[in-house]
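This report concerns salt bridges and burial in one protein chain. Please keep the sequence and the structure in view while reading.

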Amino acid sequence: MSLRHGLLGLLAEGPASGYDLARRFSEALGLVWPARHPQIYMELSRLETAGLIEVDSHGPRGRKAYRLTDAGLAEVRRWLSEVEVDHTFRMETLFRSYFFWLMEPDDLKAHLAREERFYDEMAQRLRGYAESKDRGEWGTGRQARAMRIALEAGVRVNQALVDWARWAQETDPMTADDFGTAQPDEAQPDEARPNEAQPGGTGSTG
């Protein structure tokens, strides 16, 4: 994703000023793609120069509202349909976990407990939004439906991180004496035994 396409997508909802877009960006997308006000205003200038947006109206103190052009709509649709998704997952929670071996055990337990609480609260918050959409409080249009899909992803990702933090606390791999001693299951499924005849197969005959 790029800030450019995020702004184009938001302007597809209707004309908005840079201030409105910054607020909307923070509310709707800030958790997955944070952007600062100066970045947003700079990108809006680039989008206008490229002909992807244009000024819709002027307000007090030089405030401008922008609207999406046909070219801008075509560009955001092209990005959604044709551009390969960047699956890079930049997340400090996971980045830090690589270095947990440098933490004191009590500090690590406290950190994991905080992470569990944070992601549990976030999952509950997103569930609340999702439930309100399911009740139709945000309308039933295509935008509301797409936001419901996005909210479900947020709920599931945050719940997965709750489960991860809880698992790390309960199993405690950093201090467990039996870490690294797990043995493969002795019982293997039939398909893993090539020397045995299978039902309906061509086993050896005497």
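## Arg-63 and its partner

In this predicted model, Arg-63 is partly exposed, having a relative accessible area of 38%. Its side chain forms a salt bridge with Asp-20, and the closest N and O atoms of the two are 3.1 Å apart. Arg-63 belongs to the loop between strand E2 (53–58) and strand E3 (64–68), whereas Asp-20 belongs to helix H2 (residues 18–29); the pair therefore ties together parts that are 43 residues apart in sequence. Asp-20 is also partly exposed, at 23% relative accessible area: the cut-off for a buried residue is under 20%.

## A pair between two strands

Which residue does Asp-56 meet in a salt bridge? The partner is Arg-67, with a distance of 2.6 Å from N to O. Asp-56 is in strand E2 and Arg-67 is in strand E3, so this salt bridge joins parts that are 11 residues apart in sequence. Both side chains belong to partly exposed residues: the relative accessible area is 34% for Asp-56 and 30% for Arg-67.

Salt bridges can also share partners. Asp-20, Arg-23, Glu-27 and Arg-63 are joined in this way into one network.

## A pair between two helices

By the rule applied here, the model has 15 salt bridges. One of them links distant parts of the chain, with Glu-43 in helix H3 (residues 37–49) and Arg-4 in helix H1 (residues 3–11), 39 residues apart. The side chains of Glu-43 and Arg-4 come to 3.3 Å, N to O.

Is Glu-43 buried or exposed? Glu-43 has a relative accessible area of 10% and is therefore buried, since the term applies to values under 20%. Arg-4, by contrast, has a relative accessibility of 26% and counts as partly exposed.

## The surroundings of helix H1

The helix that holds Arg-4 is mostly covered. In H1, 7 of the 9 residues are buried. These buried residues are Leu-3, His-5, Gly-6, Leu-7, Leu-8, Leu-10 and Leu-11.

What covers the buried residues of H1? The cover includes the strands E1 (16–17), E2 and E3, together with the helices H2, H3 and H4 (70–82). Several of these elements have appeared above: H3 holds Glu-43, the salt-bridge partner of Arg-4, H2 holds Asp-20, and E2 and E3 hold Asp-56 and Arg-67 respectively.

Note on methods: Residues are numbered from 1 along each chain as its sequence is written. This is a predicted model: local features need pLDDT of at least 70, side-chain atom pairs count only at pLDDT 80 or more; totals for chains, interfaces and linings use all residues. Side-chain values use heavy atoms; hydrogens and water are left out. A salt bridge is a side-chain nitrogen of Lys or Arg within 4 Å of a carboxyl oxygen of Asp or Glu. Helices (H or I, at least four residues) and strands (E, at least two) are DSSP runs, numbered from the N terminus. Buried means under 20% relative accessible area, exposed over 50%, partly exposed in between (1.4 Å probe, protein chains only). Contact means heavy atoms within 4.5 Å.
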